[in-house]
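This briefing on a predicted model goes through selected residues, a helix, the cysteines and the empty spaces, one topic at a time. Please read it with the structure open beside the text.

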Amino acid sequence: MSFKRKFGFGCMRLPLTDENDPTSINQELFNQMVDIYMEKGFNYFDTSYAYHNGVSEVAIRKAVVERYPRESYQICDKMPTWALTSEEDNDKFVAEMLERLGIDYFDVFFVHNINVPWYRLAENAKTFEYVKKMKEDGIAKKIGFSFHDNSILLKEVLDKYGDFLDVVQLELNYLDWEDPAIEARKCYDLCVEHGLDVYVMEPLKGGVIVNPPKEIEDEFKQFNPDKSIASFALRFCASLEHVKIVLSGMRNMDNLLDNCDTFENFEVLSDEESEFLEKMADKLYSKVAVPCSECGYCIDACPEKIPIQEYFSLYNKSKVQPESNIYKNYFDKLGDEKVPANNCTNCRTCIDYCTQHIDIPEEMKKVCEHFKEGFSAYSGAP
(Lines give C-alpha, C1' and ligand atoms only; values in the text may rest on other atoms or scores of the structure.)
Protein backbone atom coordinates (compact mmCIF):
# COMPACT_ATOMS: atom_id res chain seq x y z
CA MET A 1 0.00 0.00 0.00
CA SER A 2 1.26 3.45 -0.92
CA PHE A 3 2.13 5.66 2.05
CA LYS A 4 0.24 8.44 0.27
CA ARG A 5 -3.00 6.49 0.58
CA LYS A 6 -2.63 6.38 4.36
CA PHE A 7 -3.59 10.02 4.93
CA GLY A 8 -7.21 10.35 6.10
CA PHE A 9 -9.19 13.56 6.60
CA GLY A 10 -10.56 13.46 10.15
CA CYS A 11 -13.85 15.37 10.37
CA MET A 12 -14.11 15.62 14.15
CA ARG A 13 -12.46 19.06 14.30
CA LEU A 14 -13.47 21.01 11.20
CA PRO A 15 -12.96 24.77 10.70
CA LEU A 16 -15.57 26.88 12.48
CA THR A 17 -16.97 30.37 12.09
CA ASP A 18 -17.65 30.51 15.86
CA GLU A 19 -15.19 28.68 18.10
CA ASN A 20 -17.86 28.34 20.80
CA ASP A 21 -20.37 26.68 18.47
CA PRO A 22 -19.33 23.24 17.16
CA THR A 23 -22.16 23.32 14.61
CA SER A 24 -20.86 26.51 12.94
CA ILE A 25 -18.74 24.72 10.34
CA ASN A 26 -17.08 27.06 7.86
CA GLN A 27 -18.47 25.25 4.81
CA GLU A 28 -16.71 27.44 2.25
CA LEU A 29 -13.28 26.83 3.81
CA PHE A 30 -14.01 23.13 4.29
CA ASN A 31 -14.98 22.86 0.61
CA GLN A 32 -11.69 24.49 -0.39
CA MET A 33 -9.73 22.13 1.86
CA VAL A 34 -11.54 19.12 0.41
CA ASP A 35 -10.75 20.26 -3.12
CA ILE A 36 -7.02 20.51 -2.41
CA TYR A 37 -7.02 17.21 -0.52
CA MET A 38 -8.75 15.44 -3.41
CA GLU A 39 -6.63 17.13 -6.10
CA LYS A 40 -3.52 15.79 -4.40
CA GLY A 41 -4.83 12.23 -4.63
CA PHE A 42 -6.18 11.68 -1.11
CA ASN A 43 -9.76 10.48 -0.66
CA TYR A 44 -10.62 9.12 2.81
CA PHE A 45 -13.05 10.99 5.10
CA ASP A 46 -13.74 9.90 8.68
CA THR A 47 -16.83 11.11 10.53
CA SER A 48 -19.30 10.06 13.21
CA TYR A 49 -22.96 10.49 14.10
CA ALA A 50 -21.81 12.69 16.99
CA TYR A 51 -19.09 14.89 15.48
CA HIS A 52 -19.94 18.59 15.51
CA ASN A 53 -23.27 17.65 17.11
CA GLY A 54 -24.30 15.78 13.98
CA VAL A 55 -23.33 18.49 11.49
CA SER A 56 -20.05 16.86 10.38
CA GLU A 57 -21.94 14.36 8.22
CA VAL A 58 -23.98 17.13 6.60
CA ALA A 59 -20.81 19.12 5.90
CA ILE A 60 -19.26 16.08 4.18
CA ARG A 61 -22.37 15.67 2.06
CA LYS A 62 -22.09 19.29 0.91
CA ALA A 63 -18.32 19.29 0.40
CA VAL A 64 -17.78 15.81 -0.98
CA VAL A 65 -20.90 13.78 -1.84
CA GLU A 66 -22.66 16.55 -3.78
CA ARG A 67 -19.50 17.60 -5.60
CA TYR A 68 -17.58 14.40 -6.46
CA PRO A 69 -18.42 11.04 -8.07
CA ARG A 70 -19.19 8.34 -5.49
CA GLU A 71 -16.33 6.09 -6.61
CA SER A 72 -13.77 8.88 -6.11
CA TYR A 73 -13.92 9.00 -2.29
CA GLN A 74 -14.30 6.81 0.78
CA ILE A 75 -16.41 7.62 3.84
CA CYS A 76 -16.14 6.05 7.27
CA ASP A 77 -18.95 6.58 9.78
CA LYS A 78 -19.64 5.22 13.25
CA MET A 79 -22.57 3.88 15.26
CA PRO A 80 -23.31 6.09 18.32
CA THR A 81 -22.79 3.29 20.84
CA TRP A 82 -23.68 5.42 23.88
CA ALA A 83 -27.17 6.07 22.45
CA LEU A 84 -28.11 2.43 21.86
CA THR A 85 -31.07 1.28 23.93
CA SER A 86 -32.31 -1.68 21.83
CA GLU A 87 -31.54 -3.73 18.72
CA GLU A 88 -33.96 -1.55 16.75
CA ASP A 89 -31.73 1.49 17.34
CA ASN A 90 -29.10 0.03 14.98
CA ASP A 91 -31.40 0.39 11.98
CA LYS A 92 -32.59 3.82 13.10
CA PHE A 93 -29.12 5.34 13.41
CA VAL A 94 -27.74 3.80 10.22
CA ALA A 95 -30.69 5.11 8.21
CA GLU A 96 -30.18 8.59 9.69
CA MET A 97 -26.45 8.59 8.94
CA LEU A 98 -26.98 7.49 5.33
CA GLU A 99 -29.55 10.25 4.90
CA ARG A 100 -27.32 12.93 6.43
CA LEU A 101 -24.46 11.91 4.15
CA GLY A 102 -26.61 11.42 1.06
CA ILE A 103 -25.09 8.00 0.27
CA ASP A 104 -26.43 4.46 0.10
CA TYR A 105 -23.42 2.59 1.50
CA PHE A 106 -20.41 3.20 3.76
CA ASP A 107 -16.90 2.36 2.65
CA VAL A 108 -16.04 1.69 6.30
CA PHE A 109 -18.38 1.41 9.27
CA PHE A 110 -17.38 1.23 12.93
CA VAL A 111 -19.00 0.53 16.25
CA HIS A 112 -17.94 3.77 17.89
CA ASN A 113 -15.72 4.16 20.95
CA ILE A 114 -15.64 0.76 22.58
CA ASN A 115 -14.82 1.03 26.27
CA VAL A 116 -16.16 -0.87 29.27
CA PRO A 117 -19.57 0.86 29.67
CA TRP A 118 -20.28 1.31 25.96
CA TYR A 119 -19.19 -2.23 25.10
CA ARG A 120 -22.05 -3.42 27.30
CA LEU A 121 -24.48 -1.25 25.35
CA ALA A 122 -23.20 -2.61 22.03
CA GLU A 123 -23.55 -6.16 23.35
CA ASN A 124 -27.11 -5.56 24.52
CA ALA A 125 -28.07 -4.10 21.15
CA LYS A 126 -26.23 -6.88 19.25
CA THR A 127 -24.43 -4.18 17.29
CA PHE A 128 -21.43 -6.28 16.27
CA GLU A 129 -23.77 -8.84 14.74
CA TYR A 130 -25.64 -5.98 13.08
CA VAL A 131 -22.53 -4.53 11.40
CA LYS A 132 -21.59 -8.03 10.21
CA LYS A 133 -24.93 -8.16 8.39
CA MET A 134 -24.31 -4.64 7.04
CA LYS A 135 -21.23 -5.99 5.29
CA GLU A 136 -23.07 -9.07 4.04
CA ASP A 137 -25.80 -6.82 2.60
CA GLY A 138 -23.33 -4.40 0.98
CA ILE A 139 -24.25 -1.45 3.19
CA ALA A 140 -20.65 -1.39 4.51
CA LYS A 141 -17.61 -2.51 2.53
CA LYS A 142 -15.39 -2.86 5.60
CA ILE A 143 -16.38 -3.09 9.26
CA GLY A 144 -14.73 -2.76 12.64
CA PHE A 145 -14.75 -0.61 15.75
CA SER A 146 -12.94 2.33 17.27
CA PHE A 147 -11.35 1.57 20.61
CA HIS A 148 -10.64 3.61 23.75
CA ASP A 149 -9.58 1.27 26.52
CA ASN A 150 -6.81 -1.09 27.62
CA SER A 151 -5.44 -4.23 26.01
CA ILE A 152 -7.42 -6.56 28.30
CA LEU A 153 -10.76 -5.35 26.94
CA LEU A 154 -9.41 -5.25 23.39
CA LYS A 155 -8.40 -8.91 23.59
CA GLU A 156 -11.87 -9.81 24.88
CA VAL A 157 -13.55 -8.04 21.96
CA LEU A 158 -11.17 -9.45 19.35
CA ASP A 159 -11.43 -12.98 20.68
CA LYS A 160 -15.22 -12.76 20.36
CA TYR A 161 -15.67 -10.80 17.12
CA GLY A 162 -12.28 -10.50 15.42
CA ASP A 163 -12.89 -13.32 12.94
CA PHE A 164 -15.41 -11.29 10.91
CA LEU A 165 -14.00 -7.77 11.38
CA ASP A 166 -11.61 -5.92 9.07
CA VAL A 167 -10.32 -2.94 11.02
CA VAL A 168 -9.70 -1.57 14.50
CA GLN A 169 -9.27 2.17 14.88
CA LEU A 170 -6.85 2.90 17.70
CA GLU A 171 -5.71 5.98 19.51
CA LEU A 172 -2.03 5.77 18.65
CA ASN A 173 0.82 8.27 18.81
CA TYR A 174 4.42 8.36 19.95
CA LEU A 175 3.44 9.93 23.26
CA ASP A 176 1.10 7.04 24.13
CA TRP A 177 3.13 4.26 22.50
CA GLU A 178 4.66 2.97 25.74
CA ASP A 179 2.21 4.60 28.17
CA PRO A 180 1.00 1.92 30.64
CA ALA A 181 -2.43 3.56 30.87
CA ILE A 182 -3.11 3.77 27.11
CA GLU A 183 -1.12 0.66 26.06
CA ALA A 184 -0.93 1.77 22.42
CA ARG A 185 1.82 -0.69 21.50
CA LYS A 186 0.03 -3.63 23.17
CA CYS A 187 -3.22 -2.76 21.43
CA TYR A 188 -1.48 -2.45 18.06
CA ASP A 189 0.21 -5.83 18.54
CA LEU A 190 -3.11 -7.47 19.43
CA CYS A 191 -4.68 -6.21 16.20
CA VAL A 192 -1.73 -7.55 14.22
CA GLU A 193 -2.02 -10.93 15.94
CA HIS A 194 -5.69 -11.11 14.90
CA GLY A 195 -4.84 -10.17 11.31
CA LEU A 196 -6.72 -6.86 11.38
CA ASP A 197 -5.75 -3.57 9.79
CA VAL A 198 -5.13 -0.63 12.11
CA TYR A 199 -6.49 2.85 11.45
CA VAL A 200 -5.06 5.61 13.64
CA MET A 201 -6.93 8.38 15.43
CA GLU A 202 -5.39 11.08 17.62
CA PRO A 203 -1.89 10.90 16.09
CA LEU A 204 -1.35 14.38 17.57
CA LYS A 205 -3.12 13.53 20.83
CA GLY A 206 -5.74 16.23 20.40
CA GLY A 207 -3.06 18.87 19.78
CA VAL A 208 -0.95 18.08 22.86
CA ILE A 209 1.95 16.94 20.67
CA VAL A 210 1.96 19.98 18.39
CA ASN A 211 1.59 22.57 21.15
CA PRO A 212 4.54 21.73 23.41
CA PRO A 213 6.46 24.04 25.74
CA LYS A 214 8.90 26.29 23.90
CA GLU A 215 11.98 24.37 24.99
CA ILE A 216 10.64 21.20 23.35
CA GLU A 217 9.59 23.11 20.25
CA ASP A 218 13.15 24.49 20.03
CA GLU A 219 14.60 20.97 20.23
CA PHE A 220 12.49 19.93 17.24
CA LYS A 221 13.73 22.93 15.28
CA GLN A 222 17.34 22.12 16.14
CA PHE A 223 16.88 18.47 15.20
CA ASN A 224 15.34 19.26 11.80
CA PRO A 225 14.28 22.84 11.00
CA ASP A 226 12.63 21.73 7.73
CA LYS A 227 10.00 19.43 9.24
CA SER A 228 7.02 20.38 11.38
CA ILE A 229 6.30 18.77 14.74
CA ALA A 230 3.08 17.37 13.27
CA SER A 231 4.97 15.67 10.43
CA PHE A 232 7.06 13.66 12.88
CA ALA A 233 3.95 12.47 14.70
CA LEU A 234 2.15 11.47 11.51
CA ARG A 235 5.20 9.68 10.14
CA PHE A 236 5.61 7.75 13.39
CA CYS A 237 2.15 6.25 12.91
CA ALA A 238 2.24 5.76 9.13
CA SER A 239 5.64 4.03 9.30
CA LEU A 240 4.07 1.14 11.22
CA GLU A 241 3.53 -1.74 8.79
CA HIS A 242 -0.06 -2.61 9.69
CA VAL A 243 -1.32 0.97 9.91
CA LYS A 244 -3.40 1.59 6.79
CA ILE A 245 -4.97 5.00 7.59
CA VAL A 246 -3.72 7.88 9.74
CA LEU A 247 -6.39 10.48 10.48
CA SER A 248 -5.71 14.13 11.07
CA GLY A 249 -8.32 16.71 12.02
CA MET A 250 -7.48 20.02 10.36
CA ARG A 251 -8.95 23.36 11.43
CA ASN A 252 -7.21 25.49 8.80
CA MET A 253 -5.53 25.45 5.40
CA ASP A 254 -2.01 25.56 6.83
CA ASN A 255 -2.62 22.31 8.73
CA LEU A 256 -3.94 20.66 5.57
CA LEU A 257 -1.05 21.76 3.36
CA ASP A 258 1.56 20.68 5.90
CA ASN A 259 -0.04 17.25 6.28
CA CYS A 260 -0.41 16.83 2.51
CA ASP A 261 3.29 17.61 2.11
CA THR A 262 4.17 15.00 4.76
CA PHE A 263 2.38 12.23 2.86
CA GLU A 264 3.21 13.39 -0.67
CA ASN A 265 6.91 13.27 0.21
CA PHE A 266 6.70 10.50 2.77
CA GLU A 267 9.84 9.23 4.48
CA VAL A 268 9.75 6.21 6.78
CA LEU A 269 10.89 7.18 10.25
CA SER A 270 14.60 6.50 10.74
CA ASP A 271 16.15 4.91 13.84
CA GLU A 272 17.66 8.28 14.75
CA GLU A 273 14.26 9.96 14.48
CA SER A 274 12.61 7.21 16.52
CA GLU A 275 15.13 7.70 19.32
CA PHE A 276 14.59 11.46 19.19
CA LEU A 277 10.80 11.06 19.46
CA GLU A 278 11.19 8.70 22.40
CA LYS A 279 13.25 11.35 24.17
CA MET A 280 10.72 14.07 23.28
CA ALA A 281 7.86 11.91 24.58
CA ASP A 282 9.56 11.60 27.97
CA LYS A 283 10.15 15.36 28.12
CA LEU A 284 6.64 16.22 27.01
CA TYR A 285 5.04 13.94 29.56
CA SER A 286 7.10 15.59 32.28
CA LYS A 287 5.77 19.00 31.20
CA VAL A 288 2.09 18.27 30.48
CA ALA A 289 0.07 18.51 33.67
CA VAL A 290 -2.93 16.58 32.32
CA PRO A 291 -2.50 14.45 29.15
CA CYS A 292 -6.01 15.19 27.87
CA SER A 293 -6.72 14.53 24.17
CA GLU A 294 -9.79 16.83 24.25
CA CYS A 295 -12.13 14.18 22.81
CA GLY A 296 -15.05 15.46 24.92
CA TYR A 297 -16.55 12.11 25.89
CA CYS A 298 -16.21 12.95 29.57
CA ILE A 299 -18.38 16.05 29.13
CA ASP A 300 -21.23 13.98 27.70
CA ALA A 301 -21.03 11.73 30.76
CA CYS A 302 -20.74 14.55 33.33
CA PRO A 303 -24.06 15.22 35.15
CA GLU A 304 -22.98 18.86 35.66
CA LYS A 305 -21.82 19.28 32.02
CA ILE A 306 -18.55 20.85 33.16
CA PRO A 307 -16.36 21.75 30.13
CA ILE A 308 -13.60 19.52 31.45
CA GLN A 309 -11.35 19.58 28.39
CA GLU A 310 -11.36 23.37 28.30
CA TYR A 311 -10.32 23.59 31.94
CA PHE A 312 -7.54 21.07 31.38
CA SER A 313 -6.32 23.01 28.34
CA LEU A 314 -6.12 26.24 30.35
CA TYR A 315 -4.41 24.41 33.20
CA ASN A 316 -1.78 22.88 30.91
CA LYS A 317 -1.02 26.22 29.27
CA SER A 318 -0.83 27.99 32.61
CA LYS A 319 1.54 25.38 34.06
CA VAL A 320 4.06 25.81 31.25
CA GLN A 321 3.68 29.61 31.22
CA PRO A 322 3.57 30.43 34.96
CA GLU A 323 4.59 34.01 34.33
CA SER A 324 1.30 34.75 32.54
CA ASN A 325 -1.85 35.72 34.42
CA ILE A 326 -4.07 35.61 31.33
CA TYR A 327 -5.13 32.00 31.93
CA LYS A 328 -6.64 32.93 35.30
CA ASN A 329 -8.82 35.42 33.44
CA TYR A 330 -9.79 32.76 30.91
CA PHE A 331 -10.55 30.36 33.76
CA ASP A 332 -12.88 32.86 35.43
CA LYS A 333 -14.55 33.68 32.11
CA LEU A 334 -15.13 30.00 31.35
CA GLY A 335 -16.80 29.51 34.72
CA ASP A 336 -19.05 32.52 34.18
CA GLU A 337 -20.06 31.57 30.64
CA LYS A 338 -20.42 27.81 31.09
CA VAL A 339 -20.06 25.79 34.31
CA PRO A 340 -17.59 26.53 37.14
CA ALA A 341 -14.85 23.94 37.62
CA ASN A 342 -15.67 23.58 41.30
CA ASN A 343 -19.17 22.34 40.44
CA CYS A 344 -17.56 18.91 40.24
CA THR A 345 -19.27 16.65 42.80
CA ASN A 346 -16.64 13.90 42.62
CA CYS A 347 -19.28 11.45 41.36
CA ARG A 348 -16.54 9.88 39.18
CA THR A 349 -18.95 9.02 36.37
CA CYS A 350 -16.57 10.59 33.86
CA ILE A 351 -13.64 8.28 34.53
CA ASP A 352 -15.05 5.27 32.67
CA TYR A 353 -15.43 7.43 29.56
CA CYS A 354 -11.98 9.02 29.56
CA THR A 355 -9.92 7.76 26.64
CA GLN A 356 -6.74 8.64 28.59
CA HIS A 357 -7.81 6.94 31.86
CA ILE A 358 -7.31 10.20 33.76
CA ASP A 359 -8.61 10.55 37.31
CA ILE A 360 -10.64 13.56 36.23
CA PRO A 361 -12.12 14.60 39.62
CA GLU A 362 -8.67 14.56 41.20
CA GLU A 363 -7.21 16.61 38.36
CA MET A 364 -10.13 19.05 38.48
CA LYS A 365 -9.35 19.58 42.14
CA LYS A 366 -5.79 20.49 41.17
CA VAL A 367 -7.12 22.87 38.52
CA CYS A 368 -9.22 24.66 41.13
CA GLU A 369 -6.29 24.83 43.55
CA HIS A 370 -4.00 26.14 40.82
CA PHE A 371 -6.36 28.97 39.95
CA LYS A 372 -7.00 29.72 43.63
CA GLU A 373 -10.57 28.51 43.53
CA GLY A 374 -12.45 27.09 46.50
CA PHE A 375 -13.44 23.47 46.08
CA SER A 376 -16.05 22.82 48.69
CA ALA A 377 -17.76 20.52 46.20
CA TYR A 378 -15.07 17.96 46.96
CA SER A 379 -16.27 17.43 50.50
CA GLY A 380 -18.02 14.22 49.46
CA ALA A 381 -16.64 10.70 49.61
CA PRO A 382 -13.46 10.08 47.58
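**Residue S56**

- S56 is found in helix α2, which covers residues 55–65, and with a relative accessibility of 0% S56 counts as buried.
- The side chain of S56 is joined to that of T47 by a polar contact of 2.7 Å.
- When neighbours within four places in sequence are left aside, the residues in contact with S56 are C11, L14, I25, T47 and Y51, so that T47 appears both in this list and as the partner in the polar contact, while S56 itself is buried because its relative accessibility of 0% falls under the 20% cut-off.

**Residue Q356**

- Q356 is placed in the loop between α14 (326–337) and α15 (360–370), and although it belongs to a loop, Q356 counts as buried at 5% relative accessibility.
- Two side-chain polar contacts of Q356 can be described, one of 2.3 Å to the side chain of E171 and one of 3.0 Å to the side chain of T355.
- Not counting residues up to four places away in sequence, Q356 touches E171, D176, A181, I182, K205, P291, C292 and S293.

**Positive phi angles**

- Most residues other than glycine have a negative phi, and against that background a few residues of this model deserve a look.
- N113, a residue other than glycine, has a positive phi near 55 degrees; N113 is found in strand β4, residues 106–114, and counts as buried at 0% relative accessibility.
- E183 is likewise not a glycine and has a positive phi of about 55 degrees; E183 lies in the loop between β6 (167–171) and α7 (184–193), and at 14% relative accessibility E183 counts as buried.
- K126, which follows α4, also has a positive phi, near 55 degrees.

**Helix α4**

- Helix α4 spans residues 116–124, and its buried residues include P117, W118, Y119 and A122.
- The buried residues of α4 pack against strand β4 and against three helices, namely α5 (127–136), α6 (151–161) and α12 (297–301).
- At the N-terminal end of α4, N115 acts as a cap, with a side-chain oxygen that lies 2.9 Å from the backbone nitrogen of W118, and W118 is itself among the buried residues of the helix.
- β4, against which the buried residues of α4 pack, is the strand in which N113 is found.

**Cysteines**

- How many disulfides does the structure hold? The structure holds zero disulfides.
- C347 is in no disulfide, and the nearest cysteine sulfur to its own, that of C350, is 6.2 Å away; with a relative accessibility of 42%, C347 counts as partly exposed.
- For C237, the closest cysteine sulfur is in C191 at 14 Å, which is too far for a bond because a disulfide needs two cysteine sulfur atoms within 2.5 Å.
- C237 is buried, with a relative accessible area of 0%, whereas C347 is partly exposed.

**Cavities**

- A search of the whole structure finds three cavities of 30 Å³ or more, and the largest cavity has a volume of about 110 Å³.
- The largest cavity is lined by 15 residues, and those nearest its centre are C302, I306, I308, C344 and C350; C350 is also the residue whose sulfur is nearest to that of C347 among the cysteines.
- Helix α15 gives the largest share of the lining of the largest cavity, with three residues.
- By class, the lining of the largest cavity is made up of 10 nonpolar, three polar and two charged residues.

**Second largest pocket**

- The second largest pocket has a volume of about 310 Å³, and of the 14 residues that line this pocket, Y174, W177, E178, E278 and A281 are the closest to its centre.
- Helix α11, residues 271–287, provides the largest share of the lining of the second largest pocket, with six residues.
- The lining of the second largest pocket divides by class into eight nonpolar, one polar and five charged residues.

How values were computed. Residues are numbered from 1 along each chain as its sequence is written. This is a predicted model: local features need pLDDT of at least 70, side-chain atom pairs count only at pLDDT 80 or more; totals for chains, interfaces and linings use all residues. Side-chain values use heavy atoms; hydrogens and water are left out. On a 1 Å grid over the protein atoms alone, a cavity is a set of points where a 1.4 Å probe fits but cannot get out, and a pocket is an open set with protein on both sides within 12 Å along at least five of seven lines; lining residues have an atom within 4 Å of a point. Grid points are joined across faces, edges and corners, and a volume is the space filled by probe spheres set on the points. Helices (H or I, at least four residues) and strands (E, at least two) are DSSP runs, numbered from the N terminus. Ala, Val, Leu, Ile, Met, Phe, Trp, Tyr, Cys and Pro count as nonpolar, Asp, Glu, Lys and Arg as charged, and the others, Gly among them, as polar. Buried means under 20% relative accessible area, exposed over 50%, partly exposed in between (1.4 Å probe, protein chains only). A polar contact is a pair of N or O atoms within 3.5 Å; within protein, one must be able to donate a hydrogen and the other to accept it, and residues adjacent in sequence count only if both atoms are side-chain atoms. Contact means heavy atoms within 4.5 Å.
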